[in-house]
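Q: Please take a close look at a single part of this structure. I should then like to see how that part fits into the rest of the chain.

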Amino acid sequence: MVRSSSGIVAGLTAAALAAIGFLAYQASADVPSGLGSSRAADSSKTEAAKAPRDRQHPTALPAASGTGRRVVYSVDDDRVWLVGSGDRVKRTFKVTPGTVDPAPAAYVVTSRSGKITGSDGVAVEHVVRFTNVSGVPIGFSAALNDTPSTPAPNKKLGGIRESREDGTAMWEFATIGTRITVIK
């Protein structure tokens, strides 16, 4: 039996389109919710009440801070936890917040920049952004001069400053789509 070349081409085209459709479905099913969005990643917000703390171990990961691989940021304690698989803390460190805080909720990393000038005029590196509050981008960064600074209270600043060493750890851990859990 001899097939025409147009029949073979049509069959191959149909098979290719089916494969592409299947791969597109698989890719969309694996994308973290909220990727590319500055809104909370999950419609169920993290409790607005302060997450329970271990009073004997103030640097311990707070209870009710989510599960799985994530960054946990406490706006009340000015502390970050990088949490790996099995809910194991890989690193925790203090930060200096800007003047605008994100609401307690679950977010995802939406953009990153290697080196830029922050909105306060300071040269920063390893910028990891995860939301906007009233047009103010919120994210983690490290000042290139590695000196902590107190943000000017009359400016709307969303940069959450960390040391350069902690900034490098954040940069390596928090890639696009990584979950960020903000708690009180």
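A: Arginine 161 is found in strand 8, where helices (DSSP runs of H or I, at least four residues) and strands (runs of E, at least two) are numbered from the N terminus. The model is predicted, so local features need pLDDT of at least 70 and side-chain atom pairs count only at pLDDT 80 or more, while totals for chains, interfaces and linings use all residues. Residues are numbered from 1 along each chain as its sequence is written, and side-chain values use heavy atoms, with hydrogens and water left out.

Arginine 161 counts as buried because its relative accessibility is 14%; buried means under 20% relative accessible area, exposed over 50%, and partly exposed in between, with a 1.4 Å probe and protein chains only. Residues up to four places away in sequence aside, arginine 161 touches Val95, Thr96, Gly118, Asp120, Val122, Val124, Ser141, Ala143 and Ser149, where contact means heavy atoms within 4.5 Å. One of these partners, threonine 96, is 65 residues away along the chain, yet the two C-alpha atoms are separated by 5.0 Å. Contacts of long range also appear in the chain as a whole: among those between residues at least 6 apart in sequence, 55% join residues at least 24 apart.

Strand 8 (159-162) also leads to helix 2, for it is among the elements that cover the buried residues of that helix. The cover includes strand 1, strand 2, strand 3, strand 6 and strand 7 as well. The buried residues of helix 2 are Asp166, Gly167, Ala169, Met170 and Phe173. Seen down the helix axis, they fall within an arc of 160 degrees, so they line one face of helix 2; the arc is that of the directions from the helix axis to the C-beta atoms. An α-helix has 3.6 residues a turn, so residues three or four places apart point the same way. Glu165 and Glu172, on the other side of helix 2, are exposed.

Two residues of the buried face deserve attention. Aspartate 166 counts as buried because its relative accessibility is 11%. Not counting residues up to four places away in sequence, aspartate 166 touches Arg91, Phe93 and Lys94. Methionine 170, leaving aside its neighbours within four places in sequence, is in contact with Val71, Val80, Leu82, Phe93, Val128, Phe140 and Glu162.

Methionine 170 also belongs to the largest nonpolar core, a set of 23 residues in which Val71, Val80, Phe140 and Met170 touch the most other members. A nonpolar core is a set of buried Ala, Val, Leu, Ile, Met, Phe, Trp, Tyr and Cys residues joined through side-chain atoms within 4.5 Å. Strand 1, strand 2, strand 4, strand 6, strand 7, helix 2 and strand 9 each supply at least two residues of this core. In soluble globular proteins, nonpolar side chains tend to be buried together.

Helix 2 (residues 164-173) lies across strand 1 (70-74), strand 2 (79-83) and strand 3, and runs at about 140 degrees to strand 3. Such angles run from 0 to 180 degrees between the N-to-C directions of axes, which are lines fitted to C-alpha atoms, for helices over the stretch in contact. These three strands belong to an open sheet of five strands with mixed pairing, in the order 3-2-1-9-4; two strands pair if DSSP finds at least two bridges between them. Strand 3 (89-94) and strand 4 (105-108) stand at the edges with a single partner strand each, so one side of each has no neighbour in the sheet. From one strand to the next, the twist averages 20 degrees. Strand 4 runs antiparallel to strand 9 (residues 179-183), to which four bridges join it. In this pair, valine 108 stands opposite arginine 179 of strand 9.

A further pair involves strand 6, which runs antiparallel to strand 5 (residues 111-117) and is joined to it by six bridges. Serine 113 has valine 127 in strand 6 as its bridge partner. The hairpin of strand 5 and strand 6 has five residues between the strands, and in it glycine 121 takes a positive phi near 90 degrees.

Taken as a whole, the chain contains two helices and nine strands. Of its 184 residues, 34% count as buried.
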